[in-house]
Structure formats: C-alpha cells, structure tokens
Amino acid sequence: MTNRPMPSATTDHERQYWQRVADGDVCIVRCHACGSASHPPRRYCPVCYSDDWTFESITGTGTVYGHTCIHRPTRTFEADAPLVSAIVTLDEGPRLMGQVDCDPAAIEVGRRVCLDTSTLSSDDVRLVFELQE
C-alpha cells in the first residue's frame, strides 16, 4: 500500500474507468454518434454532447506533446525527484498526462513513449510512460 493520493470517483463511469486502470487496462472514451475519442471519461461527448459512448482500450503508445521536469515535487513524490511529467498524444488521438520514467535530459517533444502498465494496481493508478528507441 502506498501513501500516494488516489483519484476519487464521483460517478459510475469514473468508477468504471479507475477500476479498469487499476486492472492495467487504460482506456479512452469513443463516441458512437460522432466517432471522436476523448480522455478523461465524461458523461457527454465533448464534441457532439452525445451520451452514447463506450470505453475503448488503448495501445499505450504515443508521442510526447510537451513536458516539464519537477526537481522539487511535493513530499509525497520526493522519492521520484527529478520527476518528468509529460502530455502524450496517444496513437488513438486523445492527449493525457503522465510521468515519464527517464533521465530528464533524454526527453524531448516528438519522442515516442509507451505506457508501462506493469505497476498499475488498486493502490497506484499513476500513468507512467517509458521512452521508446
């Protein structure tokens, strides 16, 4: 058990999403009305406002859209310093934020990354990416 903060789900679809993440199945939401993909899950499609959507598993690969290095994170994350945080454009389209487990000097916009789902559990749902060659 970690002492890391966990997201608090307030709706059924949020609970379903976080349970899938804890099980190692990170997903996006695909709208049946307009076909758009989005993340995080919402009750309504952000493009056409339809409530007809389903979860769709992702491949876990994407491209770094932007990044920053946090040299002095909060006490909860001190052991991870320096912590590289990035916005990743998934191959499926949506962008999501996560940690990149790498040397801060090695990351750059446009680098390919892959989600490491091996550490996901009900105690730790942090999305951590690894750099690809």
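## A three-stranded sheet and three residues to look at

Three strands make up an open sheet here, running in the order 2-1-3 with antiparallel pairing. Keep in mind that this is a predicted model. The edges of the sheet are strand 2 (37-38) and strand 3 (53-57), and each of them pairs on one side only. Helix 1, covering residues 12-22, packs on this sheet and touches strand 1 and strand 3. The direction of helix 1 makes about 10° with that of strand 3.

Now for the pairing between strands 1 and 3. Strand 1 takes in residues 27-31, and its antiparallel match with strand 3 runs over 5 bridges. If you want a spot to zoom in on, try V29, which stands opposite F55 in strand 3.

On the other edge, S38 sits in strand 2. S38 has 10% relative accessibility, so it counts as buried, the cut-off being under 20%. Leaving out residues up to four places away in sequence, S38 touches I28, V29, P46 and P94. So V29 turns up twice: it stands opposite F55, and it is among the contacts of S38.

Two further residues are worth a click, T63 and V128. Here is how they compare with S38 in accessibility:

| Residue | Relative accessibility | Class |
|---|---|---|
| S38 | 10% | buried |
| V128 | 11% | buried |
| T63 | 23% | partly exposed |

T63 belongs to strand 4, which spans residues 61-70. Why does T63 count as partly exposed? Its relative accessibility is 23%, and that class lies between the 20% and 50% cut-offs. Sequence neighbours up to four places away aside, T63 touches I87, V88, T89, G110, R111, R112 and V113. One of these, R112, also makes a side-chain polar contact with T63, at 3.1 Å. As for L127, it is 64 residues from T63 along the chain, and the C-alpha atoms of the two are separated by 15 Å.

V128 is found in strand 8, made of residues 128-131. With 11% relative accessibility, V128 counts as buried. Which residues does V128 touch, not counting those up to four places away in sequence? They are Q99, D101, C114, L115 and D116. For D101, there is a distance to go with the contact: V128 and D101 are 27 residues apart in sequence, with 6.6 Å from C-alpha to C-alpha.

Technical notes: Residues numbered from 1 in each chain as written. Predicted model: local features only at pLDDT ≥ 70, side-chain atom pairs only at ≥ 80, totals over all residues. Heavy atoms only, no water. Pairing = 2+ DSSP bridges. Helix = DSSP H or I, 4+ residues; strand = E, 2+ residues; numbered from the N terminus. Contact = heavy atoms within 4.5 Å. Axes fitted to C-alpha atoms, helices over the stretch in contact; angles between N-to-C directions. Buried < 20%, exposed > 50% of the residue type's maximum accessible area, 1.4 Å probe, protein only. Polar contact = N/O pair within 3.5 Å; in protein donor to acceptor, adjacent residues only side chain to side chain.
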